[in-house]
Amino acid sequence: MHYQGSRRPVWYVFTGMGSQWTGMGKAFLSIPIFAAAIDKCQRALQPYGVDVHHIITTDDPTIFDNILNCFVGIAACQIGLVDIMNAVGIEADGIVGHSVGELGCSYMDGCFTAEQMVLAAYFRGRASIETELIDGLMAAVGLGAKEMKKLCPPDIEVACHNGPAFCTLSGPTESMKTFVKSLQQRGVFAKEVNCANIAYHSKYIAGAGPALLKYLKQVIPNPKPRSPLWVSSSVPESEWDTPLAKLSSAEYHTNNLLGSVLFEDACKHIPNNAITIEIAPHGLLQAILKRSLDKNIINIAVTQRGHPNGTEVLFSALGRLYELGLQPQLTRLYPQIEYPVSRGTPMLSPLVQWEHSEDFFVMIYKQAKGKASERHLTVSWEDKSKQFLSGSVIDGRNVFPAMGFIEIVWETFALVTDQVYTDFPVVFENVRFHRPVDIPKQGDLELGVMVQKGSGRFEVTHSGSLVVSGVVLTSDKISQQLAVLQPLNQDGSELSSQDVYRELSLRGYNYESQFQSIASLHARDEVVEVSMYSELGIIRAGLVEVRGLKSVWINRHPPTGQIVLEERVFVPYEEYASLDYWTASRACLHIVLENQQGSVVKVVELNQNGLKPISPQVELLLRDVPNTEASLLRNKSSNQGNMLISWMWLQVDLTLLGSENCLLDRGSSVKVKDHQLTAEKDCTLIMSSSILQHADLLRTAVDVLSDGAYILAREKPDSKSPGFNDTRLEVVMEKTCEHEKLVLLKKVMIYEGPYSNAEAVQTTARGPNTVLLCVQSVPWDK
């Protein structure tokens, strides 16, 4: 796995008993930082007659029969490895230890000095030896702690909770041997652990507690607080706020020896995207970490038991950390070089070779030369540089992208002038996309490009039909062609890549694979700054400026067989006391849109009685409705005839009737007009406050509504709705919210023509609209 673009958190894992092996530190003594750490430990233990160098370098297989040598050797190696990791700059975001490994946590966390850590390990072993204990045994088992507790005999305890499917048992030797054998006969993994016949982390080690506490108080006279980086594996999480858990004290590390190891619970705090680095003479916990932690976590061991060259394992691990995005400073591990070097210094270049185990694609720029103003292009799927076009999917069709045509014309124009097109600034004018071009699933795509040398007029054709036309010109001073614009004030909003392409997908742009190149949209710290000046009709990104985009309506047909995931929630029409204002407004708007027959929805709001307009809220609600677009530009003429393809099904025009000084958010698509309601016509929805209490205004609203259109009245919660017998209105929905009552009214259709027979009535009734039949002075029996 390689670097994914963002830094992963680094968690150090310190292993305890079982990671020791003969000669485990011999190779690392060639690293000056490691050797200096061992010398420091040697000086600290010299008064007690302990030879640290001998413990970590000897090949004597009996060296670790003495538990004191195990603790000291593991601690010394961990001190040296921590010093190496600190030197190369790999900082910890989290620390967790297993059993005696929490001594290493203290050192990395800054609570212990190197001398305190190795002395604490020494006295842990000394207390174990000096105390008279039963003949005990420990064993690793391939079952979780919860399941194992149900199977254990009364005299055997679960000492270490290692993972969901791993634990360590502790108890008397004879009972342990019998139980391990029975587990093996059942097919359960069970293996004895070399623990010098001491049943650690159980009730059988309690006798060593007082002696260890006495020794540790001498080593740690002034305990330091544990930082939040260190996650305890010896104190339950429910007790992390107690005095015992807050300090790296003699009491804390004595409890570590006597209590159970809660490693499984501690590891739950490791993030799912972390890198774990195991610090121990051997990566003993790698199997447990890989099977217990999230699959996205990368687990790295810096050592390996029995490897002939331990430094090779260490530097391979550092190299892998570099591949994952970390920056280990390896030069800090070597003595400083003094120049000039001696004549016999070997060269480095023969030692560096290409591995050639992976292939990487790089951009190849080929520039053909020619004077012809007309050329024929073939887009082939065999060309790997063009395979990304398979992701250009619009409305279920794999179409050639619009900017692809622009690039082809740009390149052709550069060929005519004998230029490299990427260094050749141009201006495109009056560009018109006549029709989309589907990319065939099999075979090649043939395109024709023609550019007139004098006028710069160009055409792109496919199968003899015109696809794109316009004018392309060159300019020596391209910066003077750009409009002078003020920077926009960004609102700080952010959209992830998933959010961007979800919104595009709802509008028919089903981009896939490499065509989804937008990582995120953010108003700050832009990689590429894109600004849209809505009122001027200008979009700018760097030195690319697009002006006067003009949209035309294109019928969209949802592709058959494509699964669309949507959530539909039914909101009943009856009164519902807990219904909020936002949901009620959304329900009213959905009713209007669902019953709209045309492609344009005209919404007008009357700003009166000093209430805050709800047009901006309607604008937000429309953004949640797929295939709906709010009109973004005000009514200003433009002489630029460029084209933008729009795939929306409904276009909504939002107008607020009131003073031009109405305060609306910057960038709002709501238009503000200062005239009477009578100037409007063919409205789809009229919104107003207290309109039901003004009969004249209500009749005016009915007159400017289209047949089958709606009025959304905002009334006081305790107001009563008048009758609507003489207004051609009927109540569709009525909801009482906390501060307002929303009443949705529909204008019914009335046919006033004479009926000579029943067939005319039946013909009218079969139409798509609601029919209200008014009968006057005609007996019912006729």
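Me: How much space lies in the second largest cavity?
Reply: This is a predicted model, in which local features need pLDDT of at least 70 and side-chain atom pairs count only at pLDDT 80 or more, while totals for chains, interfaces and linings use all residues. Residues are numbered from 1 along each chain as its sequence is written, and side-chain values use heavy atoms, without hydrogens and water. A cavity is a set of points on a 1 Å grid over the protein atoms alone where a 1.4 Å probe fits but cannot get out, and its volume is the space filled by probe spheres set on points joined across faces, edges and corners. For the second largest cavity this space is about 40 Å³.

Me: How do the residues of the lining of the second largest cavity divide?
Reply: This cavity is lined (an atom within 4 Å of a point) by ten residues that can be found in the structure, E605, L606, N607, Q608, L611, K612, P613, S688, S689 and R714. With Ala, Val, Leu, Ile, Met, Phe, Trp, Tyr, Cys and Pro as nonpolar, Asp, Glu, Lys and Arg as charged, and the others, Gly among them, as polar, the lining divides into 3 nonpolar, 4 polar and 3 charged.

Me: Which element gives the largest share of the lining of the largest cavity?
Reply: The largest cavity, with about 60 Å³ of space, is lined by S585, C588, L589, V618, L621, L685, M687 and L712. Two or more of these residues come from each of α16 (581-594), α17 (615-623) and β28 (683-689), where helices (H or I, at least four residues) and strands (E, at least two) are DSSP runs numbered from the N terminus. The largest share, 3 residues, comes from α16.

Me: Which strands stand at the edges of the sheet β19-β20-β21?
Reply: In this open sheet 3 strands follow the order β19-β20-β21 with antiparallel pairing, where a pair needs at least two DSSP bridges. Between β19 and β20 (residues 538-541) there are 4 bridges, and M532 has I539 of β20 as its bridge partner. Two strands have a single partner strand each, so one side of each is left without a neighbour in the sheet, and these are β19 (530-533) and β21 (544-547).

Me: How many contacts does the stretch 777-782 have beyond near neighbours in sequence?
Reply: The chain has a mean pLDDT (the predictor's confidence in each residue, from 0 to 100) of 83, and 83% of its residues reach 70 or more. Residues 630-648, with pLDDT below 50, have 54 contacts (heavy atoms within 4.5 Å) beyond near neighbours in sequence. For residues 777-782, where pLDDT is also below 50, the number of such contacts in the model is 0.

How values were computed. On a 1 Å grid over the protein atoms alone, a cavity is a set of points where a 1.4 Å probe fits but cannot get out, and a pocket is an open set with protein on both sides within 12 Å along at least five of seven lines; lining residues have an atom within 4 Å of a point.
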